[in-house]
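The following exercises treat sheet topology, chain contacts and residue environment. Each task is followed by a solution in steps.

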Amino acid sequence: MKTCLAALLTAVTLILSVQTAAAQDGPLRIEITEGVIEPMPYAVPAFVAEDSAAQAYAEELSRVVAADLTGTGLFREIPREAHISSISSFAAPVAFADWKAINAQALITGAVSAEGGRVVIKFRVWDVFAGQELGQGMQFASTPDGARRLAHKVADQVYARLTGEQPYFDSRVVFVSETGPKNERVKRLAIMDYDGANVQYLTSGNALVLAPRFSPDGGRVLYTSYETGAPQIHVLNVGDVQSRVMQPSEGMMSFAPRFSPDATTVIYSLTNGSNTDIWAMDIASTATRQLTSAPSIETAPSYAPDGSQIVFESDRSGTQQLYVMPAGGGEATRISFGEGRYGTPVWSPRGDLIAFTKQNAGRFHIGVMRTDGSEERLLTASFLDEGPTWAPNGRVLMFSRETQGAQGATTLYSVDISGRNLKRVRTPAGASDPSWGPLQ
Amino acid sequence: MTHFSKALLLVAAFGLAACASPSRFDSIDDGANTAARDSNAIIPGSVNDPTSTAYFNQTIGDRVFFVVDQSTLTPQARGTLDAQAQWLMTNSDYLAVIEGHADEQGTREYNIALGARRANAVMEYLISKGVAPNRMKFISYGKERPVEVCSEEACYSKNRRAVTIISSTLTG
C-alpha cells in the first residue's frame, strides 16, 4: 500500500509564482535554537473544498496540519471562533487586516479537491504583518488512503519555512505494542505515523519481540525475536511484512541490532558465555567481525551519521557508561562521567548530540550530551524512562515511559531537545521501544 | 535402586497412555496412581518422587536469586545449586535450560546481557560440580519475564533470578 502511495505522491508542483520578494526586514522566522518561550500565533482557517468529494477531507486535513504545528510547542493556533475572516476561495486576496487584528503572525490557507479517486491539496503560507506570501504555494496529491499524509506534507513545508529547520511530520515510527499484565506481556511489532495514526501490526504476538530499528530508508526493520527460543536478530521488510532470522552465530544470543548509515552493515551484541560484545555483520556476505573484546558487557551500539564511529554502552568500569570507538573497532573513549549509569546511546542524525538513558538515585532520565560527553542535559525524569530515538531532524526525541507498580504500563512520549514540550504519543495499547524513521 | 530401575518403575506405573501424554508429571489422579497408593509406593511424578520434575522444582528448588546488578552466586544459591547438580548427576536422563532474568530497574539491552551473566554463572557452577556441559544451555530474558509485578525490592529480589528448567529426554 505504502509503496503504491509513494509512487502516486506527485512531486511538488508550483501553482503560483510570487513577485520577487520586495525588500523585507527579514522573513517571518522562529528560531528554535534559542529556546522558544512564546509560541508563534498562527491561523489555519478550514481548507476550501473545491468539489463535493473534497468535503470529506478539507476540514480534517486542515486539523491535521494544525495538530502537527501546535504539537511542536513552537506555534499557537488562534482558535476558529476568534477569526474575523474566513477563506472561501483559495485564489481570492487575503484580508490581512482581519488576521492582523487577531494577531495571527502566520496564516495558512489551503484547498482540497478529490475527484476521480485522487486527493489533491494545495496551500499557501502568509506572513500576515508583512502582507506577503512566505515561499511559494505548492500542491501534493495521493490516493484517498494516503490523504492524511498530504496534511503532514503541508505541515512539513510550513514548519520548514517558519523555522528554517528540516521538518519531520511525514514520518513513521516502528515500535513494540504491549498488551496484558506485567508478568504476561504480549509484545508485537507495530508501525504508525509519527503522531500515532494508522497503526499496523507487523508480528502476531506469538513470540517475544524487542527493540525494532528502522533502516535508513525506512524500508526494513531490524529487531530481536525469541521466535527460535533464544533471542536472535531478525529483519523485516515493511512493504510485504516478510521477516527472516539473521543468525550471526549458531546457538548464541544476538540482540540490540542497528543498521549502518549506508545500510550495508548491522551492528549488534552477541553473548558468548557470560560475555557480551559488539559485532558487525556485512549484510550481503553475512561475514561477521568482532568490534569489542572486553570481558564486560558491551551493548546498545549506534553509528554516527557519517558511519565513522560507534557509540555504545559498557560496564567495563564497573557500571554502565557510554563509549565511542572507530566504526571498525579499536580503542574506545569513555564519554559519560556524571553520577549514575548511562545506557542506550543514540547518535543524532545531525551528528551533534548523543541521546541516552540515565539511571541515578532510583530515577530514570532521557538526556543528551555532545559527542565528547560535554554539556550533558537531562530532559526528563520518571520512574522509568528508556530508549530514546531521534526525529529525522534531530530536534525531538521519542522514548518509552513505564509507570510504577503492579499495574505498570508503558507509553510513548516525545520531548524537545530543549526539554520542553513533553507529551504523550497516543497509541491504541501500551507501547515501548520506538524507532523513528526517515522523512518520507 | 538404580536410576534405570526407577525409570522402569515410572514407565510401568503410568502405562502406555500416560507415556503418550506431554504432561505426564501433572496427571497424577488417574487409575494407575490409585493402584500405586494402594501398594504404598511413592506416587511417580509427585513431589515425593525424588526423580520427578516436581521434586526438583519444589524440594531442591529450581531457582537462585541475585543481588542488584550482580551475577555472583550467594552462599544460599550455591547450596541450591549443589543439590541441583547432585540431582542432575543422579537423574541423567534430564536436560536443563537455565533462564537468566533481571528486575525492571535497568535498560532493556543491558538486562538481557545481565540475565545471560546470571544464567551462565549457574551453568558454570553446575559444570564445576560435574554436570555434563552438553546437557545444559542457557538463555536470558532480561527484564521481560518478571514473576512478581510490584515495583519494590520485595518483588525485585524474586525477579533477579536464574531458573533451571529441566526436561526429560524420555518424554519424547
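**Exercise 1. The contact between the chains.** Determine how many residues chain B and chain A each bring to their contact, and which elements of chain B take part.

Solution. Step 1: chain A enters the contact with 32 residues and chain B with 21 residues, two residues being in contact if their C-beta atoms, placed from the backbone, lie within 7 Å. Step 2: on the side of chain B that touches chain A, α5 (108–128) and β3 (136–142) each supply at least two residues. Helices (H or I, at least four residues) and strands (E, at least two) are DSSP runs, numbered from the N terminus. Step 3: α5(B) gives the most to this side, with 10 residues. Step 4: by class, this side of chain B has 11 nonpolar, 5 polar and 5 charged residues. Here Ala, Val, Leu, Ile, Met, Phe, Trp, Tyr, Cys and Pro count as nonpolar, Asp, Glu, Lys and Arg as charged, and the others, Gly among them, as polar.

Conventions: the model is predicted, local features need pLDDT of at least 70, side-chain atom pairs count only at pLDDT 80 or more, and totals for chains, interfaces and linings use all residues. Residues are numbered from 1 along each chain as its sequence is written, while chains are lettered from A and ligands numbered from 1 in the order in which they are written.

**Exercise 2. An open sheet.** Establish the strand order of the open sheet that contains β9 of chain A, and explain why β11 and β32 stand at its edges.

Solution. Step 1: the order is β11-β10-β9-β32 in chain A, with antiparallel pairing; two strands pair if DSSP finds at least two bridges between them. Step 2: β11 (200–201) and β32 (430–439) of chain A each have a single partner strand, so one side of each lacks a neighbour in the sheet. Step 3: β9 (residues 171–179) of chain A is joined to β32(A) by 6 bridges in the antiparallel sense. Within β32(A), A:Ala431 is the bridge partner of A:Ser177.

**Exercise 3. Successive hairpins.** Trace the pairing from β13 through β14 to β15 in chain A.

Solution. Step 1: β13 (residues 220–225) and β14 (residues 232–237) of chain A are antiparallel over 6 bridges, and A:Leu222 stands opposite A:Val235 in β14(A). Step 2: these two strands form a hairpin with 6 residues between them, and A:Gly229 in the turn has a positive phi of about 105°. Step 3: β14(A) is joined by 4 bridges to the antiparallel strand β15 (residues 242–245) of chain A; A:Leu236 has A:Ser243 in β15(A) as its bridge partner. Step 4: the hairpin of β14(A) and β15(A) has 4 residues between the strands, and A:Val241 takes a positive phi near 55°.

**Exercise 4. One residue in its setting.** Is A:Gln232 buried or exposed?

Solution. Step 1: A:Gln232 belongs to strand β14 of chain A. Step 2: a residue is buried if 20 or more other C-beta atoms lie within 10 Å of its own, exposed if 12 or fewer, and partly exposed in between, with C-beta atoms placed from the backbone. Step 3: A:Gln232 has 22 other C-beta atoms within 10 Å and is therefore buried. Step 4: leaving aside neighbours within four places in sequence, A:Gln232 is in contact with A:Ser225, A:Val245, A:Gln247 and A:Ser254. Step 5: for chain A, 48% of the 440 residues count as buried.
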